[in-house]
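Q: I would like a close look at one part of this model, followed by a connected account of what surrounds it. Please keep the description to what can be computed from the atoms.

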Amino acid sequence: MRHQIPKHFSRRERLGLKTTEMVLAGVQKARQAACDWVIGIGGGSVIDTGKVIAALLTNEGKLLDYLEVIGKAKPLEKMPAPYVAVPTTAGTGAEVTLNAV
């Protein structure tokens, strides 16, 4: 039985905290690559970025539609794409929360 390698893209950066523009660029690349799922390997910021990419892959609208406090805080209409979080740091807790900072 043959297994096909899923479509993917890799985004390696060592820039610390992510901006909304950086996150949206990741969403755009994931959509262009027709990704079905997301893997985040890194610290809290990377884990949170993966959550956003997974959520926006399956939901229409803009990032600010879903952000609390500074956005419209709309609930997601569809389940996010499958997401695997691989934390490389201890203590952020990003891998066990629903929110992305």
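In what kind of crossing, right-handed or left-handed, does α1 pass α2?

A: The crossing in which α1 passes α2 is right-handed, and this, like everything that follows, is read from a predicted model. In general, a pair of packed helices is described by two quantities, the angle between the axes and the distance between them. Here, the axis of helix α1, which covers residues 20–32, and the axis of α2 come within 9 Å and cross at roughly 50°. The arrangement of α1 relative to α2 therefore counts as oblique, because an angle must be under 35 degrees to be roughly parallel and has to reach 65 to be roughly perpendicular.

To place this pair in the chain, one can start from the secondary structure, which comes to three helices and two strands. Read along the sequence, these elements follow the pattern α-β-α-α-β. Of the chain's 101 residues, 29% count as buried.

Within α2 itself, which spans residues 44–58, D48 and K51 lie three residues apart, about one turn of the helix. These two residues form a salt bridge, in which the closest N and O atoms are 3.2 Å apart. As a general point, side chains carrying opposite charge can pair when their charged atoms come close. Both partners are covered: D48 counts as buried because its relative accessibility is 8%, and K51 is likewise buried, with a value of 13%.

The structure holds two salt bridges, and in the other pairing the side chains of K72 and D65 meet at 3.7 Å, N to O. In this pair the lysine, K72, is exposed, with a relative accessible area of 60%, whereas the aspartate, D65, counts as buried at 12% relative accessibility.

The loop between α3 (63–66) and β2 also deserves a careful look, since V69 has its place there. V69 has a positive phi of about 70° although it is not a glycine, and at 83% relative accessibility this valine counts as exposed. A73 is found in that loop between α3 and β2 as well, and A73, which is not a glycine either, has a positive phi of about 55°. For A73 the relative accessibility is 42%, so this alanine counts as partly exposed.

Turning to the strands, W37, I39, I41, V84 and V86 make a nonpolar surface patch of about 440 Å². The elements that give two or more residues to this patch are β1 (38–42) and β2 (83–87). One of the contributing residues, V84, lies in strand β2 and counts as partly exposed, because its relative accessibility is 40%.

Beyond that strand, A90 is found in the segment after β2. The C-alpha atom of A90 is separated by 8.2 Å from that of G43, although the two residues are 47 residues apart along the chain. At 80% relative accessibility, A90 counts as exposed.

To return to the part that was asked about, the two helices α1 and α2 meet in a right-handed crossing, with axes that come within 9 Å, and the second of them, α2, contains both D48 and K51, the partners of the salt bridge at 3.2 Å.

Terms used: Residues are numbered from 1 along each chain as its sequence is written. Side-chain values use heavy atoms; hydrogens and water are left out. A salt bridge is a side-chain nitrogen of Lys or Arg within 4 Å of a carboxyl oxygen of Asp or Glu. Helices (H or I, at least four residues) and strands (E, at least two) are DSSP runs, numbered from the N terminus. Buried means under 20% relative accessible area, exposed over 50%, partly exposed in between (1.4 Å probe, protein chains only). Patches are made of residues with over 30% relative accessible area and no salt bridge: like charges are joined within 9 Å, nonpolar side chains (Val, Leu, Ile, Met, Phe, Trp, Tyr) within 5 Å. Accessible areas come from the Shrake-Rupley method with a 1.4 Å probe; for residues, only the protein chains shown count as cover. Axes are lines fitted to C-alpha atoms, for helices over the stretch in contact, and angles run from 0 to 180 degrees between N-to-C directions. Angles under 35 degrees count as roughly parallel, over 145 as roughly antiparallel, 65 to 115 as roughly perpendicular and the rest as oblique. A crossing is left-handed if the near helix is turned anticlockwise from the far one by less than a right angle, and right-handed if clockwise.
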